[in-house]
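Colleague: I'd love a close look at one part of this model, if you have a moment. Could you walk me through it once it is on screen?

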Amino acid sequence: MRKELEKYFRTEKLPHIWCPGCSHGILTGAVIRAIDNLKLDQKKICIVSGIGCSSRAPGYMNFYTLHTTHGRALAFATGIKLANPDLKVIVLTGDGDCAAIGGNHFIHAARRNIDITTVVFNNNIYGMTSGQYSPMTPRGAYATTAPYGNIDRSFDLCKLAQSAGATYVARGTVYHIPQLIKLIEKALQHKGFSFVDAVSICPTYFGRKNKMASPVKMMEFIRDASIPIKSAEKLSKEELAGKIVIGEFYEEQAPEYTEEYAKVIEKVREGN
Ligand code: SF4
Ligand code: MG
């Protein structure tokens, strides 16, 4: 374990800043395990993040990494991938960073089917800025900015990704780690825009505001609310309310953006 720690983490940057019981360490570990299981070349990986608690993860990881501005990780990642298509580019983002401030970048990266893997650390709240509701906060849940309960409807990020054009879409949770690692592995192997919604916990803000006094209670909530996609298909919309549907939602092969872009460059060179 010590060997893996030294190989994949910048140990001089540890200990991390995350609160006790936060699941961001579990998710960072899941990404590392997926990379290790696939034996990917560490020197050919670039991990990009925006702003937020989850976006601190690349700072601890021993790869090429870039910590960018709020919501813009996918814009930076697009530039990196176009400049060097041989790199495996991974975006680690939070639900606020990805679905609100970076919502447009998310939609258009999916639409272009650029070969980037995005893993959203989805804890249903803005953690770093002290618990404001995000587009993933469920209706009726409490947040610093929703003391009487959130009245906004939340996104289903997997449906959004698929309808925008992502060609691999899956959801896992921090309670189901072996499955989540497999989903991230599949995403990393996929050519095109791959997306994994990783449902996670913020005990400090979402937990406290929503009467889940401990990280264990939050994990139990995720365990009890989760349902595999095969079982979910048999349920009505009403029966699915409040459930976390997990598994693979979508996979297809489609033209990839950097390859299409290379063809345009070739045409320009040939003068056609
Ligand atoms: Fe984790 Fe929430 Fe603490 Fe941020 S505020 S480190 S998301 S527990
Ligand atoms: Mg969040």
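Is N123 buried or exposed, and why?

Modeller: Happy to! Do keep in mind that this is a predicted model. N123 counts as buried because its relative accessibility is 5%, where the cut-off for buried is under 20%. N123 also has a part in the metal site: its OD1 atom is one of the protein donors of the magnesium ion (ligand 2). The other protein donors are D95, through OD, and I125, through its O atom, and the donors lie 2.1 to 2.2 Å from the ion. Along the chain, these donors of ligand 2 are spaced as D-x27-N-x1-I. I125 has a relative accessibility of 2%, so I125 counts as buried too.

From the metal site we can step over to helix α7, which covers residues 157–164. Its buried residues pack against α5 (95–101), among other elements, and D95 is one of the magnesium donors. The buried residues in α7 are L157, C158, A161 and A164. Viewed down the helix axis, they fall within an arc of 135 degrees, so they line one face of α7. K159 and S163, on the other side, are exposed. Besides α5, the contacts of the buried residues include α6 (103–112) and the strands β4 (116–122), β5 (168–173), β6 (194–199) and β8 (244–251).

The two ends of α7 are worth a glance as well. At its start, a side-chain oxygen of D156 comes to within 3.0 Å of the backbone nitrogen of C158. After the helix comes G165, with a positive phi near 125 degrees.

How values were computed. Residues numbered from 1 in each chain as written. Chains lettered and ligands numbered in written order. Predicted model: local features only at pLDDT ≥ 70, side-chain atom pairs only at ≥ 80, totals over all residues. Heavy atoms only, no water. Donors = N, O, S within 2.8 Å, 3.2 Å for Na, K, Ca; no water. Buried < 20%, exposed > 50% of the residue type's maximum accessible area, 1.4 Å probe, protein only. Helix = DSSP H or I, 4+ residues; strand = E, 2+ residues; numbered from the N terminus. Arc of directions from axis to C-beta. Contact = heavy atoms within 4.5 Å. Polar contact = N/O pair within 3.5 Å; in protein donor to acceptor, adjacent residues only side chain to side chain.
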